[in-house]
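Here's a quick briefing to read alongside the model. Have the viewer open, since the points below hop between strands, charged pairs and empty space.

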Amino acid sequence: MNFDKKYIINLLKDILKTDSPTGFTEEAMKKISAYAAELGFELRRTKKGGGIIEINVNAEKTIGLSVHIDTLGLMVRSVNENGSLKLTNIGMPITPTLDGEYCKIYTRTGDSYTGTILSTSPSIHVYPDAISKSRELDELAVVIDEIVKSKKDVAKLGINSGDFICIDTKTCITESDFIKSRFLDDKASVAIIFGVLKNIKDNSINLKNNLKIFFSVYEEVGHGLSYLEEVDELLAVDMGCIGMDLNCTEQDVSICAKDSSGPYNYFLTNKLIEIAKKEKLKYAVDIYPKYGSDVSAANTGGNDFRGALIGPGVSASHGMERTHYNALLNTMKLILNYLLSE
C-alpha cells in the first residue's frame, strides 16, 4: 500500500498557500477541481460552493468521505481613525497567536494588500502595557502596508468593512517530516484524500462500494454538511486532537469516539478500530470535548446515516499547528483499508 509522498506533500503545500477562510473558498475549490481532473475524476460543484467527487461501481452501499477546505480567518469589522483595521473573527482562531502575523486583505473589487496583525500597544519602548495587554480581538488591529493615516486614505484603497483578511500560514516541512503550518485543520486531510485517490488510480483499485467524497466550505462555522446527499456511512476526515488527557500523538491516526455533539456511531467506530488493529497502524481512540465535525453538522441536519470521525494527530489546533507525515500515512492506510472492506 504505497502512497506518493512527493505528490501528497506538494499538493498540501499548494493548498495551504491558497487562502480559503470560510466564505472565501472559490480559488481553493478551483484547485481541488484541477487536482481531481488530473487524476481523471470530475468534481461536481454544489450551490453552497463545495464539491463532490463520485466513484460509482453500481453497488448497493454508498460510502461518504468528507473533508473541509475552509479555514479560520478574519474580516474587516471597521476602519479605525488612524487607518488601521478593526477585526472580526471567522471561526475561532486563538487570538494571542495572531499578534505579529503577516496577512493579506482582499477587497470586494478584486484588489489585495498585505499587512501585519499587531497589538494596539505594539512597542515595549512606547507603551507601558505592551507585554501585559490582552491579545483579545478588540486589542488587535491590521496595519496596512500602504501609506495611510486616516479612514479616508483606506477608503481610497477600496478597503471596506466585510473584506476578508487571510493569515499567513508560515508553512514549513522539516527534513524529519514534521509539517508546521496554520490550517492543517483541515488541509492536511485534503492532501490525505488526494493521496488515497491517487493510490486508487495508480493501482487500478476496484472499490467494493460506491464512493462520494464531499469537500465542504462552511465547517469552521458549524454548517458544512448540514445537508447531505444520501450515503449509508459518512467518515469525516478532520484533524485529531493532541494534549491534556488525550492519547493521540503527531504520529497517529486518531479515531474519535465522542465530541461535543455526542458519540459517533458505535458499529462504524468499532470497525475502524478493528481495521487499525489488523493493519498494525499507529492509532489512538480519543474523546474531543470541544469539537464538532461535518458528521456533527449532518446529524444536526436530520440526515440518516452511520457516522464516524478520524484524522491525523495535529497539535496546537487553531494556532500554529504541527503534525508529522506518519500521521498522514496512518490515516491514508486506515481510509483505504476501510474503503476495501465489506
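What follows is a short tour of strands, salt bridges, one core residue and the spaces in the fold.

Keep in mind that this is a predicted model. Among the things to look at are a hairpin made by S4 and S5, an open sheet of three strands, 22 salt bridges and a largest pocket of about 680 Å³.

**The S4-S5 hairpin**

- Strand S4 covers residues 73-79 and strand S5 covers residues 85-90; the two run antiparallel, with six bridges joining them.
- If you want a reference pair across the two strands, take Val76, which stands opposite Leu87 in S5.
- Five residues sit between S4 and S5 in this hairpin, and Gly83 in the turn has a positive phi of about 95°.
- As background for reading any such pairing, side chains in a regular strand alternate between the two faces of the sheet.

**The three-strand sheet and its helix**

- Another sheet to pull up is an open one, with its three strands in the order S10-S11-S19 and antiparallel pairing.
- Strand S10 (172-173) and strand S19 (321-324) are at the edges with a single partner strand each, so each has one side without a neighbour in the sheet.
- Two bridges link S10 to strand S11 (residues 178-181), again in the antiparallel sense, and Ile173 stands opposite Ile179 in S11.
- Helix H7 (residues 325-339) packs on this sheet and touches S11 and S19, with its direction at about 65° to that of S19.

**Salt bridges**

- The count for the model comes to 22 salt bridges. In general, side chains of opposite charge can pair when their charged atoms come close.
- Asp99 and Arg135 form one of these pairs, with 2.8 Å from N to O. Asp99 lies in the loop between S5 and strand S6 (102-106), while Arg135 lies in the loop between strand S7 (112-119) and strand S8 (140-144), so the pair ties together parts that are 36 residues apart in sequence.
- Is each partner buried or partly exposed? Asp99 counts as partly exposed at 26% relative accessibility, whereas Arg135 counts as buried at 16%.
- Asp202 and Lys198 also meet in a salt bridge, at 2.8 Å from N to O. Both belong to helix H4 (residues 184-202) and sit four residues apart, about one turn of the helix.
- In that pair, Asp202 is partly exposed at 48% relative accessibility, but Lys198 is buried at 15%.
- Lys277 and Glu274 make a salt bridge at 3.7 Å from N to O. They are three residues apart in helix H5 (residues 266-278), so about one helical turn separates them.
- Both ends of the H5 pair are partly exposed: Lys277 has 46% relative accessibility and Glu274 has 47%.
- Beyond these pairs, there's a network to highlight: Arg44, Glu54, Lys212 and Glu229 are joined by salt bridges that share partners.

**Val190 in helix H4**

- Val190 is found in helix H4 and is buried, with a relative accessible area of 0%.
- What does Val190 touch, leaving aside its neighbours within four places in sequence? Its contacts are Ile32, Val67, His68, Ile69 and Phe215.
- From Val190 to Cys241 it's 51 residues in sequence and 17 Å in space, C-alpha to C-alpha.

**Pocket and cavity**

- Rolling a probe the size of a water molecule over the atoms shows where empty space is left.
- The largest pocket holds about 680 Å³ of space. It is lined by 29 residues, and the closest to its centre are Cys241, Lys290, Tyr291, Ser317 and His318.
- Which elements give two or more residues to the lining of the largest pocket? They are strand S17 (283-288) and helix H6 (294-300).
- As for enclosed space, the count comes to one cavity of 30 Å³ or more, and the largest cavity holds about 40 Å³.
- The lining of the largest cavity is made by Asp19, Ser20, Pro21, Thr71, Leu72, Gly73, Cys166, Ile167 and Phe183.

Key. Residues are numbered from 1 along each chain as its sequence is written. This is a predicted model: local features need pLDDT of at least 70, side-chain atom pairs count only at pLDDT 80 or more; totals for chains, interfaces and linings use all residues. Side-chain values use heavy atoms; hydrogens and water are left out. Two strands pair if DSSP finds at least two bridges between them. Contact means heavy atoms within 4.5 Å. Axes are lines fitted to C-alpha atoms, for helices over the stretch in contact, and angles run from 0 to 180 degrees between N-to-C directions. A salt bridge is a side-chain nitrogen of Lys or Arg within 4 Å of a carboxyl oxygen of Asp or Glu. Buried means under 20% relative accessible area, exposed over 50%, partly exposed in between (1.4 Å probe, protein chains only). On a 1 Å grid over the protein atoms alone, a cavity is a set of points where a 1.4 Å probe fits but cannot get out, and a pocket is an open set with protein on both sides within 12 Å along at least five of seven lines; lining residues have an atom within 4 Å of a point. Grid points are joined across faces, edges and corners, and a volume is the space filled by probe spheres set on the points.
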